[in-house]
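Please open the structure in your viewer, with the sequence panel beside it, and keep a selection tool at hand. The tour below goes from stop to stop, saying what to select and what is there.

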Amino acid sequence: DGVIAALAGIDQPLTTTLAGRGDWAKWDGAVAASLGGKDLARLALTARDGTFALKGPAWFAPLVSGTTATLLDGQASVDLSARFTNRRAALSGRVAGPKFSLIPDGVIGLSANRFDGFRLALSLPGPAQLAQNLSGAGLRANLALDGAFAAPKVAYRLNARSLTISGTTLADIAANGTARGKHGEWLVPVTARVQQITGLDGVAGGALANVSLTGDFAARWPRILS
């Protein structure tokens with residue numbers, strides 16, 4: 001019930017334990033965490049001459065709420081490694097749960113607080129509620145991040161089997177662009193092709209096929225404007 005708990009949004013007892021043995025050349029340990037008496041993580045942590053590896057099960061849903069908690073529900077498998085050189089971390093591996101997978105690959109500069117050719121591959125294979133009035137299925141996103149943490153440039157490629165926005169469904173989408181973010185606000189230019197759009201019968205007189213879309217989205221999550 002203190003300041004740290006309020007800032008972290010934690011309203012249950014949190015316990016974290018880190019233990020290990022060795023030196024810089026060879027260190028073996030483990031990280032365990034629980035929230036409200038339920039497991040958050042049971043991870044093996046190893047270090048070998050500046051390369052750190054984290055592997056084991058984790059549960060992310062208790063740390064978030066709403067649609068994000070639904071997407072992250074269930075036991076996830078963590079298998080990550082990071083090679084540190086001059087406060088630059090070359091990250092690789094995979095985090096995967098029942099409803100998602102995330103594959104990072106690239107360099108994060110901790111001294112300059114910036115991304116340097118950092119890539120993320122995100123997959124949401126099943127039906128997923130992404131935000132209010134926004135759902136999708138068969139989503140795949142490939143992101144390339146460059147620049148400062150606070151204002152990165154994000155080149156993206158997005159594919160989706162379907163995307164439904166307030167009753168309008170877009171099927172077989174391929175989209176790309178370069179988004180820019182600052183202070184939690186994002187401008188996302190979109191160039192996309194959609195095989196079919198349904199739900200606009202009152203305007204279009206039926207389904208639309210082979211549609212190209214161009215324009216911008218402005219987002220301050222979960223609010224999206226176009």
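Select Ala 131 to begin, and show its surroundings: at 4% relative accessibility this residue counts as buried, a word used for residues under 20% relative accessible area, while exposed means over 50% and partly exposed lies in between, with a 1.4 Å probe and protein chains only. Ala 131 belongs to strand 9, which covers residues 128-131; strands (E, at least two residues) and helices (H or I, at least four residues) are DSSP runs numbered from the N terminus. Which residues does Ala 131 contact, once its neighbours within four places in sequence are left aside? They are Thr 67, Trp 221 and Pro 222, where contact means heavy atoms within 4.5 Å. Add Pro 62 to the selection and draw a distance line between the C-alpha atoms, and you will find that Pro 62 and Ala 131 are 18 Å apart in space and 69 residues apart in sequence.

Before going on, note that this is a predicted model, in which local features need pLDDT of at least 70 and side-chain atom pairs count only at pLDDT 80 or more, whereas totals for chains, interfaces and linings use all residues. Residues are numbered from 1 along each chain as its sequence is written, and side-chain values use heavy atoms, with hydrogens and water left out.

Now zoom out to the protein chain, which has three helices and 16 strands. Its C-alpha atoms fill a box of roughly 70 × 40 × 30 Å, taken along the principal axes. Of the 226 residues in the chain, 30% are buried. Among contacts with a separation of 6 or more, 34% are between residues 24 or more positions apart. If you switch on the surface, its accessible area comes to about 13,800 Å², of which 57% belongs to carbon and sulfur atoms; such areas come from the Shrake-Rupley method with a 1.4 Å probe, and for residues only the protein chains shown count as cover.

Next, select Leu 72, which sits in the loop between helix 2 (66-71) and strand 5 (76-85). Is Leu 72 buried or exposed? Its relative accessibility is 19%, and therefore Leu 72 counts as buried. Beyond its neighbours within four places in sequence, Leu 72 is in contact with Phe 60, Ala 61, Val 64 and Phe 100. Lys 99 is another residue to pick here, since you can trace a C-alpha to C-alpha distance of 6.9 Å between Leu 72 and Lys 99, although 27 residues separate them in sequence.

The following stop concerns charged side chains. The structure holds five salt bridges, each being a side-chain nitrogen of Lys or Arg within 4 Å of a carboxyl oxygen of Asp or Glu. Select Arg 220 and Glu 185, whose closest N and O atoms are 2.4 Å apart in a salt bridge. This pair links distant parts of the chain, with Arg 220 in strand 15 (residues 208-220) and Glu 185 in strand 14 (residues 185-198), 35 residues apart. Glu 185 is partly exposed, at a relative accessible area of 43%.

Move on to Lys 26 and Asp 28, which also form a salt bridge, with 3.1 Å between the closest N and O atoms. Lys 26 is partly exposed at 48% relative accessibility, and Asp 28 is partly exposed at 31%. Add Arg 48 to this selection, and you have three residues linked in a network of salt bridges.

Two asparagines come next. Asn 86, in the loop between strand 5 and strand 6 (88-96), has a positive phi of about 50° although it is not a glycine, and at 69% relative accessibility Asn 86 counts as exposed. Asn 133 lies in the loop between strand 9 and strand 10 (134-137), and has a positive phi of about 65°, again without being a glycine; Asn 133 is partly exposed, with a relative accessible area of 47%.

For the last stop, select Phe 149, found in the loop between strand 11 (139-148) and strand 12 (153-165). Phe 149 is partly exposed at 34%. Add Phe 84 and Leu 110, and the three residues make a nonpolar surface patch of about 240 Å². Patches are made of residues with over 30% relative accessible area and no salt bridge, with nonpolar side chains (Val, Leu, Ile, Met, Phe, Trp, Tyr) joined within 5 Å and like charges within 9 Å.
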